[in-house]
Amino acid sequence: MRLFSALLLAALGALGPVAPLRAQTPLTTPDGFAVPQPGHRFEFPRDHGNHPDFKIEWWYVTGHLSAEGGRRFGFQATFFRSAGPRGAADVNPSFGSGQIFLAHMALLDVATGKFLHQEKLNRAGWDAASASGTLDVRNGAWSLRLADPTDPSPTPRLELTGGIRADAAFTLTLTPAKPLVIFGENGVSRKGADPTAASYYLTFSRLRAAGELTLATDGDATAAPEKLRVTGEAWMDHEISSSQLSAGQVGWDWLSVQFTDGRELMLYRLRLADGTADPASTLTWVDPAGQTQRAPFTLEVLDRWTSPATGATYPSRLRLATTDPGTGTAVRLLVEPLAKNQELTGALGGIPYWEGACRIRDESGRELGSAFLELTGYAQALKL
Amino acid sequence: MGTLETLLLRRCSLRHWRMAPRQSLLLVGILALGVAVFVAVRLANHAAVASFTHFTDTLTGQSDWIIQPAAGTLPESVLPELRAALGPRPVHLFPVVESTAARVRRTDESANFGRTTYTLLGVDLVAVANLARAQTPNAAYFGQTTGDPADFWAAFRAGPQIWLSRAFAATLGDARTLDLVINEQVHALPIAGLIPTAKDAPRVPANLILLDLPQLQLLAGKPGRLDRVEFLVEPGPRADERRDELRALLEQLGATGERWTVTSPGARRETAATMTRAFRLNLTVLSLIALLVGLYLIFQALDGAVVRRRSEIAILRSLGVEEGTIRRAWLAEAAVLGLLGGAFGLLLGWAGAQLSVRAVGQTVNALYYATTVESAGLDAGEIALGLLLGLVASLVAGWWPAREAARTPPAQVLVRSAVAAPGHVALRSAWLGVALVAAGVLCAQLPPVRFAGGGRFPLAGYLAAFLWIFGGGVLCGFLLPAVARLTRRARTSSAVARVALSHLAAPSGRHRLAVAALLCAIGMTAGMAILVASFETTVRGWVQRSLQADLYISSNGAQSASSQNRLSPPVWRALATHPAVAEASVLSAYPIELDRTPTILTGADLRVVRARSDLPWVQPPLDDAVFDAARNATLVLASESFCERFRKKRGDTVRVPTPAGPQVLTLAGVYADYGNERGSLLVERARLVTWFGDDYAANVSLFLRAGADAEGLRTELLARHPGLAIYTNAALRTEILRIFRQTFSITYALEVIGVAVAVIGLALTLSSVLLDRREELTTLRALGFARREIALATAVEGTTLAACAVAGGLTLSLALGWLLIHVINKQSFGWTLGFALPWGQLAALAVTVVATGAAVSYAVGRWGADLPADREE
């Protein structure tokens, strides 16, 4: 569960009355977009590509990198597709009017705490597009695609090109270490009581990343940029939906953890206006073979940070309590941001959010793995 | 300045100016006028250039590079190609479509010329948000102003709609739509809002109208095409290096097939500046003349003051005040006057600029490019320049009088009549006059100064004009004794005439100067009149010969050189095949750049052109091949201005850029075209259709079947196509001549001013002369001369001066007319004009000057007759 932008949230307005809880899943939303159907059979590489019948779709890569000499970085590369109200014919497909593409890039230099980020907004057309038969999405000079566009395997190699203005650029090869995970029940990940509030949620929960990171030299406008060989681990979500939020939800917290023991964990907590979590909130464990299992969880805020840019106050250190499905024992984990300020201020998307690299420790202080945390709806309720 | 000078200034000069406030005011006024004209023209010029707006600046900030084709438009396919070639480089690509539009003409508006041309700018309204300027917090961009997502989508999905500048929107009240003529269609476009701007963005030009790019592509008839692509390098580290690298890459990509040239907003502005440089320099020369005339009047006035205050100076001298001190005091006085005049001149000039700026802007609009001139600003530099100008002018003009003042002998030896008038030495050398005229003849042979961008300035030509004016002024002084001798031989018995002529037989420097100034004014005025008359006669003949069709049709929005409104193929075909039409001549026109110099490539059915109109040849084609579509594939005709601008002649080859690659064409002939000064090339229209891949027409001329009613057909076609401008033959001829007269209307004002100033100068001269002759006047009175007789004598003196000046001035005007027509005009614009003399106008000028000269000198004589014998004033 990720993303939010003013554009996306426009979907909310068109949702109509909340349907009865156990109603049959409708085929379309009231505004004519497709609704994820249980039992959908995915085909690859086709389903890595876009799903223009759905209103919202994103390809979301986050990860941790380290360079020779031990320098560490967190990075985020996100490509959003968002369809406008149905029924608009393109005047000129090079400057399309049916859908728009938003992209976010971010990079954290862990040692210095310097956090760079940039957004791009383009209409579908010559400078932003996604392919329908394979993974090939781009926005300006940024792109994410399959190394071999026809690769049908569950572990295809990906290529990511991104950067932040003239300050940083990266090209990474991402190789899945595990097959694709499909979250949710019967192929559908639920986000609320409304039967349309659901997504197809496809994830590479562990990608080996290798490539080059180019960094402009600080404080010297003419010095040659620094080129670093980097390796690391990344996580990629591909989520497809026509409605992500139900009435009453004000935001969400999302967390992915990659444990050193080869397992992963993903949770989203949908926050309601009264501060409680929506029952659709979920925590899912992924075992070393890629099998998923849900577990109950609670999140406790230990520390807070207030953004000087937006004034929003975000949780900064969290305690996660859940159970280990392997042993059935209780697990208490500390989620610690690698830097306090990893806020994307949302100049284009319209909504600021915090998305950052974290480390995971147990209560004895032992480091268990790395994580990425996303916190939305703290600057303002995600309501329009 | 020493205390003595200060004291002198306070005690003598100030007292003097207080006692004769009207004179001081006049002096400051004259100076102010001279400075004002110069400042006004300069400010207007400035504004005309500054207003060449690179329209995208307001939205994007300054682009780093622009690619644009030398001819035609770019296909959209260059965009993905460029993005791929740029790879991961952080560069914003900003495609732009630009066109023009006009408001629908009201039925009571006959004039097409001078209406505002609106620039339609088509940009990607979504991508604009990515630029640094839009990303600054709270910067408004399209559809995000309200925060309602529906508005965001509506901004580029709700069909064609327009965003306006605040200034323009304010003139429309609460109108929801705006009727615009784009090509030949009238569109009622919904007004979506105001063009959003960031704080540091340049002000939105009033005539800018913004649309979403794909919508403008359709409206302007350019589907899938772009006028240019702009590039913004992401700011940050190594920006200069990345900028240079980008330029090299773009140049390399564009070089294949000569698809585009790489330029920058600065270079585009520079091109605009050079395009109009010659025009602006011509205006500046005219304004300098005003300053020169002012200088002359100041000189006369200060000279008069020296004469009047001579006894006062003589007393100071006898009190032991040094020559140098007196001189400095006079110069200081002149400087104070100069600063005052300069300051008033600035105010006046600024006010004048507000008026003239529109006129200059209109001319620039008609001849060169779309400007948005609205007001002319006065900055510190201009203020300093205005004051300096006033100061220098008054010091220069005050130099001789100050020297005269300083040379005043002490009171004991003061003998009024012994004092020589200033400036006489140079004026008394006939050789100097002959030498000046000869130097002028040499200068008239020199070629113009050439600027990048095709501009030419006839520097030597203007120099020749100045030399002839000065030479003529010097020589004309010799007319005075000659005339005096002649009339004396006629044995006048009238004492009045004898007294008057005795002064002219040995003319003083003042006399000579007055004649020279009058001669200069008359020469320039009459010379200008000759130019205008010749121009008008030539244009009239050209119009007569080349306009043969019955109806002329273009877009109602086509009204200036910058207009891009055209006729779409279905519309011009419908016009051409109307049953009442016997034959149609279709003209296409594309702005192109040859060697980075803008010019126009036109196409017509050359067979029809030859059969139907009499092209005024400068160099006719040597054989008929050029008129035969089967044989003219590599031939081209060029206008005379084109040949002047690009230094080509019949038989030369031209490499013409087209979207289908460069074409090497041979100049088969040269025709006269007084329509534009950028020059034009004419080829078979079918070739243009192939090269440019579109079939739009710039205008259509219809030849009707015998018996068809042109006026009736015009009404019928207008009813069917309200976006067209249709002229009958007679109406178009009238319109062209009207535009012509409008263009030259300023010269008539200059003529009146020139003559008025010269006559005032004459009056000032005569009053100085009379002051100088106070003792003589006393004697005359003692001899029984009546006031009337003294006045008459002065009138004879003044009239003779005026008559001599008119004789010399008219002679000079013939020379200046020739120079203006064959050197200055030819070098600036490349137009050959036939010499025509406006007899009536010249005669009227001569009579007016002599008559007003007589009247003014009679009045001065009356005043002189009342002068007391030997008391100051």
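Is A:R165 buried, exposed or partly exposed, and how many other C-beta atoms lie within 10 Å? The legends below take up this question first and then turn to other sites in the model, which is a predicted one.

**Figure 1. The loop residue A:R165 and its backbone conformation.** In this predicted model, A:R165 is partly exposed, because 17 other C-beta atoms lie within 10 Å, a count that falls short of the 20 or more required for a buried residue. The residue belongs to the loop that runs between strand 8 (158-164) and strand 9 (168-176) of chain A. Although A:R165 is not a glycine, its phi is positive, at about 45°.

**Figure 2. B:N183, a residue other than glycine with a positive phi.** The phi of B:N183 is near 50°, and the residue sits in the loop between strand 6 (177-182) and strand 7 (185-194) of chain B. B:N183 has 24 other C-beta atoms within 10 Å and is therefore classed as buried.

**Figure 3. The cis peptide bond between A:F44 and A:P45.** The bond that leads from A:F44 to A:P45 is cis, and its omega is near 10°. A:P45 is placed in the loop that connects helix 1 (6-13) with strand 1 (56-67) in chain A.

**Figure 4. The interface between chain A and chain B.** On one side 33 residues of chain B take part, and they are in contact with 31 residues of chain A. Helix 4 (78-86), helix 6 (149-157), helix 8 (213-219) and helix 9 (239-255) of chain B each contribute at least two residues to the side of chain B that touches chain A. By residue class, that side of chain B comprises 20 nonpolar, five polar and eight charged residues.

**Figure 5. B:R83 in helix 4 of chain B.** When neighbours within four places in sequence are left aside, B:R83 is in contact with A:D127, in chain A, and with B:L93, in its own chain. B:R83 counts as partly exposed because it has 17 C-beta neighbours inside 10 Å. For a sense of scale along the chain, B:R83 and B:F168 are 85 residues apart in sequence, and their C-alpha atoms are separated by 36 Å.

**Figure 6. The bend in helix 14 of chain B.** Helix 14 spans residues 380-406, a run of 27 residues, and its first and last C-alpha atoms are 36 Å apart, which is close to the 39 Å expected at 1.5 Å a residue. The helix nevertheless bends by about 40° at B:W399, and the proline B:P401 follows within four residues of that position.

**Figure 7. The packing of helix 18 against helix 19 in chain B.** Helix 18 (residues 479-489) and helix 19 (residues 495-505) pack at an angle of about 145°, with a distance of 8 Å between their axes, and their crossing is left-handed. On the helix 18 side the contact is formed by B:L480, B:P481, B:V483, B:A484, B:R485, B:T487 and B:R488, which meet B:L501, B:L504 and B:A505 of helix 19. The residues of this contact divide into seven nonpolar, one polar and two charged.

**Figure 8. The buried residues of helix 19 of chain B and their surroundings.** B:V496, B:V499, B:A500, B:L501, B:H503 and B:L504 are the buried residues of this helix. Together they pack against helix 18, helix 20 (509-546), helix 27 (774-782) and helix 28 (787-829) of chain B.

**Figure 9. B:A865 in helix 29 (residues 839-865) of chain B.** B:A865 has 21 other C-beta atoms within 10 Å and so is buried. Not counting residues up to four places away in sequence, B:A865 touches B:L777, B:R787, B:I790 and B:A791. The C-alpha atoms of B:A865 and B:S585 are separated by 74 Å, the two residues being 280 residues apart along the chain.

**Figure 10. B:A314 in helix 12 (residues 310-318), with chain B as its setting.** B:A314 counts as partly exposed because it has 19 C-beta neighbours inside 10 Å, whereas a buried residue needs 20 or more. B:A314 and B:L762 are 448 residues apart in sequence, and 27 Å separates them in space, C-alpha to C-alpha. Chain B as a whole contains 29 helices and 23 strands, and buried residues make up 52% of its 873 residues. Among the contacts in chain B between residues at least 6 apart in sequence, 84% join residues at least 24 apart.

Definitions and conventions: Residues numbered from 1 in each chain as written. Chains lettered and ligands numbered in written order. Predicted model: local features only at pLDDT ≥ 70, side-chain atom pairs only at ≥ 80, totals over all residues. Contact = placed C-beta atoms within 7 Å. Nonpolar A, V, L, I, M, F, W, Y, C, P; charged D, E, K, R; others polar. Expected span 1.5 Å × (residues − 1). Bend = angle between axes of the 7 residues up to and from the residue. Axes fitted to C-alpha atoms, helices over the stretch in contact; angles between N-to-C directions. Left-handed = near helix turned anticlockwise from the far one by under 90°. Buried ≥ 20, exposed ≤ 12 C-beta atoms within 10 Å, placed from the backbone.
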